[in-house]
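Colleague: Before I rely on any of the labels attached to this model, I would like to hear the reasoning behind them. Could you take me through them one at a time?

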Amino acid sequence: MKRNVAGDVASSDSALLHGAREGDPRALDELVALHQSSAFRVALGILGGEADAQDAAQDGMLRALKGLAGFRGDASFRTWLLAIVANEARSMLRRRTRRRECPLDDELPGELPVGGVAGRVVLRAEVARVRALLARLPEKQRLAVQLRVDEGLSFREVGTVIGSSEGTARVNYHHGIKRIRGWLKE
Amino acid sequence: MTCPEIADRLPDWASDRLADTESALVAEHLDGCEDCSAQASVLGTLFVARPEAPAGMAENIARAGGVQAHSVTRERVRPSWRRPAWALPSAAVLVFAVGTTIIFRDSQTIEVASAIGEVPVEESQIWIANDGAVAGAPVLDDLSDEELRALVEELGA
Ligand SMILES: [Zn+2]
């Protein structure tokens, strides 16, 4: 089954937005359910800590939903929402002075056989490690990779959220991926 | 398609968002291009490991929605280590071909292809650590005693 997240989300969004603007609580709930994980990931990418990310994502989503009248449809609803959440997370970050760094476990059991319980442990460690490397990237690269891969945003939409042009978003994305691949080879 | 054209589309391919015809073109390129293939593996891994919103977040928003925005932070539900926040998405499959190629596709099981055969991996056995302590302690955390014993034996062998 195709995911086609962007298309599906966009079409369901417009119906939900209509309901949400009319104050239909079910439409609001559905919008939240559809976008909460994206909002959380974006906030996590900026703040680095799960509890802070949850706060920023919640506050950002609330702010967006209360300000639905301000959504003019120039961007997709998701892009607009994620830009608001990113702003919320950045202002929280400014109050916190610095991003919470994520400790990395570089000691991977690379020589273990891939099979049995050991294989599963290696697999888990490897998957977690790839994701952890994301946290090492500078913010714009990290967000560009996250928004492009996790959320399926176009480079143009990525640019809207990180506050850059489409071209800069693309460059940030490719640099980010290149660095992660470089670290994986170390 | 050239490698740079493929590279632009790979995130959509790795997360299965491309239309069938375009997906087939990308797959054809990947068959003959080691570099793009390696990149697809990394993207597929990133995608399946993406975190989900912590339990209770939607409820907090709904609760705060009617009242005032500030109340939301006070009613926060702190996610614990093993909350779904870091569980892999449910319809995910990883195929690891010894250390390098990971192909991600929709399905219910996870398979690990290796030199010593294929090992099915239950999704519940794959855990992404909380961002506070990535890839460290929690990796062994949810193994049963029996699995831990088996692991010790494997390592000793
Ligand atoms: Zn290529």
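Colleague: What makes the contact between the side chains of E151(A) and R78(A) a salt bridge?

Modeller: In this predicted model, the nitrogen-to-oxygen separation between E151(A) and R78(A) is 3.7 Å, and since the criterion asks for a Lys or Arg nitrogen within 4 Å of an Asp or Glu carboxyl oxygen, the pair qualifies as a salt bridge. E151(A) sits in the loop between α6 and α7 of chain A while R78(A) belongs to helix α4 of chain A, so the pair ties together parts that are 73 residues apart in sequence.

Colleague: Why is E151(A) called buried, and why is R78(A)?

Modeller: The label applies under 20% relative accessible area; E151(A) has 2% and is therefore buried, and R78(A), with 7%, is therefore buried as well. Salt bridges with shared partners join these two residues with R41(A) and E52(B) into one network.

Colleague: How do you know that E151(A) and R41(A) form a salt bridge?

Modeller: Their side chains meet at 2.7 Å, N to O, which lies within the 4 Å cut-off and so satisfies the criterion. E151(A) is in the loop between α6 (139-149) and α7 (155-162) of chain A and R41(A) is in helix α2 of chain A, so this pair ties together parts that are 110 residues apart in sequence. Both E151(A) and R41(A) are buried. Over all chains, the structure holds 11 salt bridges.

Colleague: What are the positions of R63(A) and E88(A), whose side chains also meet in a salt bridge?

Modeller: Their N-to-O distance is 2.8 Å, and the pair links distant parts of the chain, with R63(A) in helix α3 (residues 50-66) of chain A and E88(A) in helix α4 (residues 77-96) of chain A, 25 residues apart.

Colleague: Why do R63(A) and E88(A) receive the labels they do, buried or exposed?

Modeller: R63(A) has a relative accessibility of 54%, and because exposed means over 50%, R63(A) counts as exposed. E88(A), at 9%, falls under the 20% limit and therefore counts as buried.

Colleague: Why is D29(A) called partly exposed?

Modeller: The relative accessibility of D29(A) is 44%, which lies between the 20% and 50% limits, so D29(A) counts as partly exposed. D29(A) is found in helix α2 (residues 25-47) of chain A, and together with E22(A), D24(A) and E30(A) it gathers in a surface patch of negative charge.

Colleague: What makes F40(A) a buried residue?

Modeller: F40(A) has a relative accessible area of 0%, so it is under the 20% limit and is buried. F40(A) lies in helix α2 of chain A, and apart from its neighbours within four places in sequence, its contacts include E50(A), A53(A) and A57(A) as well as P51(B), E52(B) and M57(B). A53(A) is 13 residues from F40(A) in sequence and 6.0 Å from it in space, C-alpha to C-alpha.

Colleague: How is chain B put together, in terms of its helices and strands?

Modeller: Chain B has seven helices and four strands, which follow the pattern α-α-α-α-α-β-β-β-β-α-α along the sequence. Of its 157 residues, 46% are buried, and among contacts between residues at least 6 apart in sequence, 47% join residues at least 24 apart. The accessible surface of chain B comes to about 7,700 Å², with 55% belonging to carbon and sulfur atoms.

Notes. Residues are numbered from 1 along each chain as its sequence is written. Chains are lettered from A and ligands numbered from 1 in the order in which they are written. This is a predicted model: local features need pLDDT of at least 70, side-chain atom pairs count only at pLDDT 80 or more; totals for chains, interfaces and linings use all residues. Side-chain values use heavy atoms; hydrogens and water are left out. Patches are made of residues with over 30% relative accessible area and no salt bridge: like charges are joined within 9 Å, nonpolar side chains (Val, Leu, Ile, Met, Phe, Trp, Tyr) within 5 Å. Accessible areas come from the Shrake-Rupley method with a 1.4 Å probe; for residues, only the protein chains shown count as cover. Lys and Arg count as positive and Asp and Glu as negative; His and the chain ends are not counted. The place of a charge is taken as NZ of Lys, CZ of Arg, CG of Asp or CD of Glu. Helices (H or I, at least four residues) and strands (E, at least two) are DSSP runs, numbered from the N terminus. Buried means under 20% relative accessible area, exposed over 50%, partly exposed in between (1.4 Å probe, protein chains only). Contact means heavy atoms within 4.5 Å.
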